[in-house]
Amino acid sequence: MKRLFAVSKWSRAGFLIALILVICAASFLALNRVELAVRSNLESSMKVALFAADEALRNWGKAHHDTIKFQAGRPLVISFVEEQLLAYRSGKDLKGKGLEGLRDSLADVLGARGYYDFLAISPEMTSIASTNDFNLGKRDIAGLDSSYLKKIFHGETASSPPFHVALNSDITFAGGSGHRLAMFVATPVYGSYGKVIAALLFRLDPSRGFSSSVRPGRIGETGETYLFDSSARLLSKPRLNSGLSSVGPLENGTRSLNIDIRDTGGDKLSSLSVPRGEHPFTLMTREAIRTRGYGSNFDGYRNYRGLLVVGIWKWIPSYDIGVATEIDVSEAYKLYFYIKYFILAALSVTVALLFGLVALIINRNDEALEPAKNIAFLFRKKQRSLKGKAEDRKEVERALLDSETLFRAIFDDAFQLIGVVSPDGTILNANKKAFSVLGSSLAEVQGVLFWEASWWRHSKEEQKKAKDAITIALQGEFVRYESSIPALDGQEHYIDFSITPLKNENGETTLLISEGRDITEMKIIEGELRKHQNHLQELVDKQTGSLKSANKRYRALMEISPAGIFRTDAEGNCFYVNEQWCSMTGLQQEEAYGKGWLLPLYADDAKRVVKRWDEFRGNGGTFKCESRYKCKNGTILWVQIMSVSEKAKVGESAGYIGIVTDITEIKESEEKLQRAKDVAENANIAKSEFLANMSHELRTPMHAILSFADMGQGKTKGLEQKKISRYFSNIHESGYRLLRLLNDLLDLSKLESGKMDFEIRRNDITEAVQIVAEELDGIMNEKSIKLDVVSPEIDTIATFDLDKIIQVLRNVISNAIKFSPVNGTVTVSFSSSMIPNDNGSGGVPSISIAVTDEGIGIPEAELESVFDKFVQSSKTKTGAGGTGLGLAICKEIIAAHGGDIRAESTLSGNTIFLVDLPVEVAAVAY
């Protein structure tokens, strides 16, 4: 101090002024370095948060894309879409089985994933299916535009930009009022031949997904990350939503957002003096919507809550929305402000003291040392007072150091390669990941132009790509490119680079952030996948050609098949029948869809068939059953139904395919065969009964003949003439009985072989009846039976063999007498009749003879069979008498005359035998 005052006062004053200037410059330089460090740290943190939100949003969208692609690839969904497309193009009602099937098939995924509704759009841009009938046949659907649909029909799976809709629109809402947020996710539906036949769309509420996606991007206590659309409306739930009811409706939490992102000019959450719609958009919103790119502002601007914030933003072209990360200026620069105020306070005190010292030096003599000493004393005292503050400054510096350490830890531990480049292309910094992959060190690359770093020297092409990328980025555009670099491990590494420009509020680029991801493994995998994909594509092309040919043959076979063919889904709902099935049943294809394929089942068979079908679906195997079909025209068909399962995955059914075969002729043949079998069995039984009866009939007279002959032979000498006469009479009667039996057998044999002789003459039928009456007089007297022959009122002369007709009448009348009760009456009457011709036109004049008894009658079912050989009525056969040949012989004789013989029952239960004889017979029919 003494030395200081030893020089001239002007020299001393100049020195102090220079010292003040140096201190001020150093202070402002230090403040600038601190500000740059805080900004750099803040920008890195916010950028990581922003890109984390962007990645989460992409994953959310990918999940919805995977869901709808899976649904659109299901065979059942494809079949129903094809059915709806066919209905639309043929002008049929869209509210058919296909629509019901689609709604049932997609109901589970709509409910589970919270989709509003679904739409199926034809290539003509018309809705052919939807959750709501309101949309059917429409071309203009809320929130849907043709440019978006064109991408889908070109094979893309894509999401639409979000949009707001009113509750009275075509969307089904759970409740509430006002508006809802909605967006579409859509994918193409490929038909049987690999062609896009429709677009399948799910409409959803994205607000919850948006809000959950941006939640990881919030930093600090006031920071938030949110989404907004091109109209500057908020699309995700704000983190700090207290008081937001005054700046825009926030309905039902996250379900609907309708807040305009506008600069209110101050913190006015509680009230707005000017309607919100009259305020301008925030700086961030204006820049994001204008540039559709990446941007930032760290000088401060007002957000939609009216608070000063800093932030970065990025536009997402795939959704046509923006994502922004903001934090209040007060929190963002809290540390910087603390250091700044401390340095400025210290600087102010120091400068004031120094200027005070300068004033003393100039205004006092050299001898005024004591006052100067006093000033020096005061300066030292002030220094001591500032010593405590210096300690506080050290605490601040330690906090800053900790903050920088934390930033460096995050910066270095990031999985990306990160570098910071100045506006002139010079590398300012890089993290450890970059050096561990690319080699070199910070000292080797810091201050070097980005494209001249050692990383690119192996290739002029790579250097040019790096330089071009920096040049484009310096123009304010986001750049992304791939580069190959020989890394430390000797392997060729592939890096996915992006360069993002950071701009100030004037739009000037202040820094470039270079990021890179090591995609070497992915490239290797892609290469392998490409090889496999090419090989697979060759196989697919080959198989596709075979499948297309097979599919054409398969469809052709199904259509020309003589059997009906049907296909159903796993629930048993029909979605296909061929033309033969329609021809067989008389139903149209549309009538068979769903459960309609069961409609033709005959009412008595339906319950049995459906029960077996349900068992088959539950247990698997093969379904096979026979049933009757009642066709639309009333025809009854017998059909055989067979079905097997079509497999999707192991143990899982994709549906069922079956055939329906018309077996009516087979059934009729089986019935005829059964009837023939029954006839044969009955004939066999009749034969057995005939043989039993025949043995009895033969033995009985034979025993009588032999017995009476033995008796007569042994007792002839001692017997009276009367007994001998009776024995011979019995022998004669038994012999005659045996003769009749043998005659019947011979007559039947001759009639069947066509060797019976007939003598056709004109005779009177009443004469034949009278001859029979006289022959049977003895039998009638034994039973007191009366034979009533009604006097004819017609001419009874006809041409016939008298003996053969007498044989017929004898058999018929004797049977009537035999089975009539004692004191009964047998009536014979005559009438005119006509025997129909074989062709059904006209007839032959004939005389009808009716023989009526008062006996036990013949059952209705046996009125025809009693004329068969060896057959007797169940009411008249005894098992020990009668051969069953009499009526069979009668039938053959009458048939030979061209006539007819039949039996009928009366109302009282008696039997009438009717014999029709032609009036004129030229010759017998042999």
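This is a short tour of a sheet, the helices that pack on it, and a cavity elsewhere in the model.

Before you start clicking, note that the model is predicted, so local features need pLDDT of at least 70, side-chain atom pairs count only at pLDDT 80 or more, and totals for chains, interfaces and linings use all residues. Residues are numbered from 1 along each chain as its sequence is written, and side-chain values use heavy atoms, with hydrogens and water left out.

**Stop 1: the sheet.** Select 786-789 and 900-905, which are strand 24 and strand 28, the edge strands, each pairing on one side only. They belong to an open sheet of five strands in the order 24-26-27-29-28, with mixed pairing. Helices (H or I, at least four residues) and strands (E, at least two) are DSSP runs numbered from the N terminus, and two strands pair if DSSP finds at least two bridges between them. From one strand to the next, the twist averages 25°.

Now add 843-852 and 911-918: strand 27 and strand 29 run antiparallel, joined by seven bridges. Look for I847, which stands opposite L917 in strand 29.

**Stop 2: the helices on the sheet.** Show 802-818, helix 22, which packs on the sheet and touches strand 24, strand 26, strand 27, strand 28 and strand 29. Contact here means heavy atoms within 4.5 Å. The direction of helix 22 makes about 35° with that of strand 27; angles run from 0 to 180 degrees between N-to-C directions, and axes are lines fitted to C-alpha atoms, for helices over the stretch in contact.

Next, bring in 886-896, helix 23: its axis and that of helix 22 come within 10 Å and cross at roughly 145°. To see the contact, display side chains including I805 and V808 in helix 22, and L887 and I893 in helix 23.

**Stop 3: the largest cavity.** Which residues lie closest to the centre of the largest cavity? Select I418, G419, F450, W455 and S514, out of 14 that line it. The space in this cavity is about 100 Å³. On a 1 Å grid over the protein atoms alone, a cavity is a set of points where a 1.4 Å probe fits but cannot get out, and lining residues have an atom within 4 Å of a point. The volume is the space filled by probe spheres set on the points, which are joined across faces, edges and corners.

Finish by colouring 417-421, strand 13, which gives the most to this lining, with five residues.

Conventions
1 Å grid on protein atoms, 1.4 Å probe; cavity = no way out; pocket = protein on both sides within 12 Å on 5 of 7 lines; lining within 4 Å.
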